[in-house]
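Hello,

Here is the structure I promised to pass on to you. Have a look at it first, and then read my notes below.

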Amino acid sequence: MDDQGKAYWSATLGLLGKILAIWFLISFGAGIIFADALNSIKLGGYPLGFFFAHQGSIYIFIALIFYYAKAMGNIDRKFDVHED
């Protein structure tokens, strides 16, 4: 594999690692670890920890899907491997 290919995969895996870390922090961190601290805040009448455990992590996951698609398109264009 040439340097261009290594740089492409490095950028791709870096993006994926960041997205997975964000998703883990939101789903596991906010929904489980910090749930007690977040439960003092209400969102729509429900404790914020409960919201993140049941709905918030899903919303964040969907937002991350759209972000991933856009960011991968940018990486593909940067390394000229995009589809038109």
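How much accessible surface does the protein chain have, and what share of it belongs to carbon and sulfur atoms? The surface comes to about 6200 Å², and 67% of that belongs to carbon and sulfur atoms. Please keep in mind as you read that this is a predicted model.

**The overall picture**

The protein chain has three helices and two strands. Starting at the N terminus, you will meet them in the order α-α-β-β-α. Along its principal axes, the C-alpha trace spans about 55 × 25 × 15 Å. The radius of gyration is 17 Å, whereas a compact globule of 84 residues would have one near 12 Å. Of the 84 residues, 26% are buried. Now take the contacts between residues at least 6 apart in sequence: 57% of these join residues at least 24 apart.

**Helix α1 and the nonpolar core**

Which residues of α1 are buried? They are G5, Y8, T12, L15, I19, G29, A30 and G31. If you look at what these buried residues pack against, you will find α2 (35–38) and α3.

Some of the names come back in the largest nonpolar core, which has eight residues: Y8, L15, I19, L64, A71, M72, I75 and F79. Two elements, α1 and α3, give two or more residues each to this core. The largest contribution is from α3, with four residues. As background, nonpolar side chains tend to be buried together in soluble globular proteins.

M72 is a good core residue to click on. Leaving out residues up to four places away in sequence, M72 touches Y8, T12 and L15.

**S57 and I26**

Next, find S57 in helix α3, which covers residues 48–78. Is S57 buried or exposed? Its relative accessibility is 11%, so S57 counts as buried. Apart from neighbours within four places in sequence, S57 is in contact with W23, I26, S27 and F52.

One of those partners, I26, sits in helix α1 (residues 3–33). I26 has a relative accessible area of 21%, so it is partly exposed. The cut-off for buried is under 20%. Setting aside residues up to four places away in sequence, I26 touches G31, F52, S57 and I60. For a sense of distance, try F79 too: I26 and F79 are 53 residues apart along the chain, and their C-alpha atoms are separated by 31 Å.

**Aromatic rings**

How many aromatic pairs are there? The count comes to seven. To describe such a pair, one gives the distance of the centres and the angle of the planes.

F51 and F52 form an edge-to-face pair, 5.9 Å centre to centre with 70 degrees between the planes. F51 also pairs with Y59, and that pair is tilted, at 6.1 Å centre to centre and 40 degrees between the planes. With a relative accessible area of 22%, F51 is partly exposed, while F52 is buried at 17%. You have already met F52 as a contact of S57 and of I26.

Elsewhere, ring pairs link Y8, W9 and F79 into a cluster. Y8 and F79 also belong to the largest nonpolar core, so you can look for both features in one view.

Enjoy exploring it!

Best wishes

Conventions
Residues numbered from 1 in each chain as written. Predicted model: local features only at pLDDT ≥ 70, side-chain atom pairs only at ≥ 80, totals over all residues. Heavy atoms only, no water. Buried < 20%, exposed > 50% of the residue type's maximum accessible area, 1.4 Å probe, protein only. Contact = heavy atoms within 4.5 Å. Core = buried A, V, L, I, M, F, W, Y, C linked by side-chain atoms within 4.5 Å. Phe/Tyr/Trp six-rings, centres within 6.5 Å; stacked < 30°, edge-to-face > 60°. Rg over C-alpha atoms; globule rule 2.2 N^0.38 Å. Areas by Shrake-Rupley, 256 points an atom, 1.4 Å probe, with all protein chains shown as cover.
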